[in-house]
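Okay, hi everyone, let me put this one up on the screen. I'll talk about a pair of helices, then a pocket, then what the record says.

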Amino acid sequence: MHNSAWKGLRKFFYNNLHNHDYETTVSKCINYFLVILIIGNVAAVLLETVNDLYSSYRIWFDYFENISIAIFSIEYLLRVWSVADRDTTESAWKTRLNWMKSGEAIIDLMAILPAYLNFFVRIDLRLLRILRLLRLLKLTRYFISLQILLCVIKREKGSFQAVIFILIIMIIMTASGIYVVENKAQPEAFSSIPKSMWWAVVTLTTVGYGDVTPVTSLGKLLGALITILGVGIAALPAGILASGLANELNQRNQRLEQEFRELLQARGIDILHDEIEIERVRQKVGLPKEQAHNLIIQIMREKVLEEEESVREKKCYCPHCGGKLTD
């Protein structure tokens, strides 16, 4: 095949597999097919755990798994090959290597790697099924909500690391304290600090299974203090996540509004008459209808204010000589 034909084919796969701004009927069909295939794989893994069902239809489950592995493998190879078009200023292999080290590429590789490892090293069927459920992570590519969540976790990883570090310290200190207080009264339940960590974890996280409980007065007092302290400790990750999500959604809405405004200005769209074109721009940007409506009202108000200001400025100058008029 001619070099230009290869480049054209590579560009086609790049647009349909990597370029989120490129939306055609073909790209939508590919995305829908892959989403359905991923969901089908997860459903198959769940149904395989029903022994009677798996025994009756084992050959069909195996066929579906082999076909899925082939499709996911081809998809991964096409993504590696076509991602070279993402940055034409760098060498193709450097761009491919950078992508292969990214989170989405690692998820794609984890979705197919266990099946190939099973050919060389026999993996326990239960473990293999759990590893196959990692294909569910591939859905993060197709759903904006999951992308936003991963973006928040990545951005707030420093805060999460600090919380986890504080939680580890609290678990060790709590386990040590309850061991000292309860060891003599319950030598089997609190025989060592590592064994006491189970009680520390379920108490600090306010789960409290109740299989191990303090019986001494001092132990109950310590348990009550730790439970109260655990309410605040357990709420920290939720607060960080909620705050991060709110900030991310706010920034995303601002970016969408700015992009929507720029597209309207670049195309010179008449806001009062070009409703179809405005709707097309809104869908392209991904802005909600209510938000787009409010933004259009805001733009119209700004336009009216600009026209009033322009008229006011013209009245300040003489229409004949252009000189500034005095009061």
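So, helix 4 and helix 5 sit oblique to each other, because their axes cross at roughly 135 degrees and anything over 145 would be needed to count as roughly antiparallel. Keep in mind that this is a predicted model. Helix 4 is residues 58-82, helix 5 is residues 92-100, and their axes come within 8 Å.

Who makes that contact? On the helix 4 side we have Tyr76, Arg79, Val80 and Trp81, and helix 5 brings Arg96, Trp99 and Met100. By class, that's five nonpolar residues and two charged ones, with no polar residue in the contact.

Helix 4 turns up again in the second largest pocket, where it gives the largest share of the lining, six residues. Helix 6, at 103-120, and helix 7, at 125-132, also supply at least two residues each. The pocket holds about 450 Å³ of space. It has 17 lining residues, and the closest to the centre are Asp62, Glu65, Asn66, Asn118 and Leu128. For those of you thinking about chemistry, the lining splits into nine nonpolar, six charged and two polar residues.

Last bit, the annotation. The unreviewed UniProt entry puts "transmembrane region" on residues 29-47, 105-121, 160-181 and 221-246. I looked at two of these in the model. Residues 29-47 are 100% helix, with the end C-alpha atoms 26 Å apart. For residues 105-121 the ends are 23 Å apart by C-alpha, and the span is 94% helix with 0% strand.

Okay, that's me, over to you.

Terms used. Residues numbered from 1 in each chain as written. Predicted model: local features only at pLDDT ≥ 70, side-chain atom pairs only at ≥ 80, totals over all residues. Heavy atoms only, no water. Axes fitted to C-alpha atoms, helices over the stretch in contact; angles between N-to-C directions. Helix = DSSP H or I, 4+ residues; strand = E, 2+ residues; numbered from the N terminus. Parallel < 35°, antiparallel > 145°, perpendicular 65-115°, else oblique. Contact = heavy atoms within 4.5 Å. Nonpolar A, V, L, I, M, F, W, Y, C, P; charged D, E, K, R; others polar. UniProt positions renumbered as here; feature names shortened; annotations may be inferred. 1 Å grid on protein atoms, 1.4 Å probe; cavity = no way out; pocket = protein on both sides within 12 Å on 5 of 7 lines; lining within 4 Å. Points joined across faces, edges and corners; volume = space filled by probe spheres on them.
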